[in-house]
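Trainee: Could you take me through one part of this model closely, beginning with a single helix and what lies over its buried side, and then following the packing outward from there?

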Amino acid sequence: MMILSGDPPRSRILTLVLVVIILALAATPFLFPGAKALNVAAKICVFAALVASYDLLLGYTGSVSFAHTMFYGIGSYAIAIALYGMGPNWAAVATGIIVGLPLAALLALAIGLFSLRVAAIFFAMITLAVASAFQVLALQLSWLTGGEDGRSFQLPELLRPGTVLISKNLFGFEVNGRILTFYLVFAVSALMILALLRVVNSPFGRVLQAIRENRFRAEALGFRTVFHLTYANCLAALVAAGAGILNALWLRYAGPDTSLSFSIMLDILLMIVIGGMGTIYGAIIGATIFILAQNYLQSLMGVASKAASEAGLPLLPGLLHPDRWLLWLGLLFIASVYFFPTGVVGRLRHGGSDKGRGASH
Amino acid sequence: MTDLAANDPLPKPKRDIAPILLPIAVALLMIPLIGSTSSWLTLTAASLAMGMMIFIMASGLTLVFGLMDVLNFGHGAFIAVGAYVATLVLAPLATSIQADSLWTNLAVLAPAALLSMAVSGVLGLIVERVLILPVYGQHLKQILMTTGGLIVAEQTLYALWGPQIIPMPLPTSLRGSFILGDVAIAKYRVLAMLIGLAVFIAIQLVLNRTKLGLLIRAGVENREMVEALGYRIRRLFLGVFMTGSALAGLGGVMWALYREQVHASMSDDLTVLIFIVVIIGGLGSIGGCFIGAILVAMVANYGGFLVPKLALVSNILLMVAILMWRPRGLYAVTSR
């Protein structure tokens, strides 16, 4: 209970699902051989942390930010540029972290001070504008960021796939630098999610929820709402930048498509809404469902599309084309905002009834 | 206070002209900076044309927000839909587009634009009923629902038309420029300016001279009071929403012709631009939206000419500067 900050999943099925997900992730290198499974597992870890940090904003304070990928991108690019420029050593990793995290926090502070004073809707629009400007900026400063191509880099010796830590004849599995990197990603993501759980269950987190439910009243009770919101914004940015660092370390690459594009922002929104806002656990569920769907549903759609085109049906092949999977997720997104706004977690916690405290008002 | 006699006209509220002077001041300030008068005139014309197109797209959004506190993050979808629908008319009639006669060209463009507006408007009706009505009054869900709507619309466009960029050539008679001395002004920009001005004047006339406009303006200022007087503001809102969507569709056609290409991702870029315009102008204000659109276009054109590097963040800087001056936008019309 201590480790979960006194906020257990509060549902048997949910607990079971979470345990299965976490065990499966932890055992991926041994259970599911192959690069694809490991990539999917690492991506789930990174996105679970990223989405959890977004939940702090969306679910707990009720402010919609469209700049979350910007912080994610700052983390990714900071580590990528450091490792690219300084060579594959630990000093470069440290530099990337030391530059990236404060930069993200400072930018979040600036945006927060500028726009959180006003209504939530202003905040959403201003973050959208700032994020798109940042994206263009990152593309244009190609001497620094590599432009459209991004930056590929090498990891320090210890984390490379070639480094064999435990040879195959000891356990029957080879533990190499790649698997070590995976566990680094897994452990840091887990730590960040637990830290967020701690934050939202602290008195500070309660104030955030009070602001979400009724900002005017929270202010009347004497809380400095702008301070609290800005603080939450900075914390979320820090964790997002942390997730970005992990993502870049895992991919050994940072580029506009993997760490900065607007479609990642939409992915985050989809994950959080499907998983359940204002629960933190929803982030883990949402990220798992979404990324599994992204990686495996697409091939299924490919088969369906082919079958439809062979059957000579009009329109369906286009609609079922693997590249159109976002269409179906978009429909799912709308349906879930409409029919079960508390997401999977809320559904499981309240046994299918919506009587429980909704987290999405 | 002075006493009013019975026959005196009612005292008029003071006109706030500082925002109107702002774009004029910016334009005049640019003359010495740019140096040559002919490039200044060309750039100014370009700014005005671009500003008008942005205004057409943004006007619906600002009214919808002002009237019902609904912020439609999917507004960009109407723009893209409008542009795509226009290709349905323009592609089969390519020969009339290539004909070198203004009237033949316009005879094709006009129905294309009208069809786009009709389809966008009907889509607006569906979106309002399906996506916005169920979550009416809940900001967070509105943003999520309309963002979801944007994803679905964009993906559907890709599914129907394919992911490639569709070329949309300008009609022959609208190509080229009017040359006045050493000043060149593209013909299409003149047309865009004329349409934009017509739309602006039409909106202003409806808002200021008709009972419908009176109700809309009253609704923007105080919705409850209009409802208390017995008007069905929801129906009014639906009408405004559909009109706004149709205008976005028109703007989409014009923008596609301006860029001479159609792609679903155009809605993403334009959404950001439109939001900046709506924020600068003050949510709910048509006049502010008009001035904001021109300012954004001016910053893009002058900025792109003088300091190309700055053009990337110039819109954000403009927004910051305006909000420092007037935190609620140029004209704060809503009481919220």
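Mentor: In this predicted model, the cover over the buried residues of α9(A) includes α2 (35-61), α8 (177-200), α10 (215-220) and α11 (225-251) of chain A. The helix beneath that cover spans residues 203-213 of chain A, and its buried residues are Phe204(A), Gly205(A), Val207(A), Leu208(A), Gln209(A), Ile211(A) and Arg212(A). An α-helix has 3.6 residues a turn, so residues three or four places apart point the same way.

One of the covering helices, α11, leads on to a backbone detail, for Arg252(A) lies in the loop between α11 and β4 (253-254) of chain A. Most residues other than glycine have a negative phi, yet Arg252(A), which is not a glycine, has a positive phi of about 55°. With a relative accessible area of 30%, Arg252(A) is partly exposed. In chain B, Glu260(B) lies in the loop between α10 (233-259) and β4 (261-262), and Glu260(B) too has a positive phi, of about 60°, although it is not a glycine. Glu260(B) counts as partly exposed, at 30% relative accessibility.

Turning to the nonpolar interior, the largest nonpolar core holds 213 residues, of which Phe47(A), Phe66(A), Phe71(A), Phe55(B), Phe73(B) and Trp255(B) touch the most other members. If residues up to four places away in sequence are not counted, Phe66(A) touches Ala124(A), Thr127(A), Leu128(A), Ala131(A), Phe262(A), Met265(A) and Leu269(A) in chain A, together with Phe73(B), Ile143(B) and Thr147(B) in chain B. Apart from that core lies another, of 15 residues, with Tyr77(A), Val93(A), Ile245(A) and Ala254(A) among them.

Two of the residues that Phe66(A) touches, Leu269(A) and Thr147(B), also take part in a helix pair between the chains. Here helix α13 of chain A (residues 262-275) packs with helix α6 of chain B (residues 139-161) at an angle of about 125°, their axes being 11 Å apart. That angle makes α13(A) oblique to α6(B), and the crossing is left-handed. On the side of α13(A) the contact is made by Leu266(A), Leu269(A) and Val273(A), and on the side of α6(B) by Leu144(B), Thr147(B) and Ile151(B). By class, the residues of this contact between α13(A) and α6(B) are five nonpolar, one polar and no charged.

Gly149(B) also lies in helix α6 of chain B, and at 15% relative accessibility Gly149(B) counts as buried. Leaving out residues up to four places away in sequence, Gly149(B) touches Ile334(A) and Leu131(B). Gly149(B) and Asn72(B) are separated by 77 residues in sequence, while their C-alpha atoms are 9.6 Å apart in space.

A further helix pair belongs to chain B, where α12 (residues 286-306) and α13 (residues 314-325) pack at an angle of about 135°, with their axes 9 Å apart. That angle makes α12(B) oblique to α13(B), and the crossing of α12(B) and α13(B) is right-handed. From α12(B), Leu295(B), Val296(B) and Val299(B) meet Ser314(B), Asn315(B), Leu318(B) and Ile322(B) of α13(B). The contact of α12(B) with α13(B) comprises five nonpolar, two polar and no charged residues.

Terms used. Residues are numbered from 1 along each chain as its sequence is written. Chains are lettered from A and ligands numbered from 1 in the order in which they are written. This is a predicted model: local features need pLDDT of at least 70, side-chain atom pairs count only at pLDDT 80 or more; totals for chains, interfaces and linings use all residues. Side-chain values use heavy atoms; hydrogens and water are left out. Axes are lines fitted to C-alpha atoms, for helices over the stretch in contact, and angles run from 0 to 180 degrees between N-to-C directions. Helices (H or I, at least four residues) and strands (E, at least two) are DSSP runs, numbered from the N terminus. Angles under 35 degrees count as roughly parallel, over 145 as roughly antiparallel, 65 to 115 as roughly perpendicular and the rest as oblique. A crossing is left-handed if the near helix is turned anticlockwise from the far one by less than a right angle, and right-handed if clockwise. Contact means heavy atoms within 4.5 Å. Ala, Val, Leu, Ile, Met, Phe, Trp, Tyr, Cys and Pro count as nonpolar, Asp, Glu, Lys and Arg as charged, and the others, Gly among them, as polar. Buried means under 20% relative accessible area, exposed over 50%, partly exposed in between (1.4 Å probe, protein chains only). A nonpolar core is a set of buried Ala, Val, Leu, Ile, Met, Phe, Trp, Tyr and Cys residues joined through side-chain atoms within 4.5 Å.
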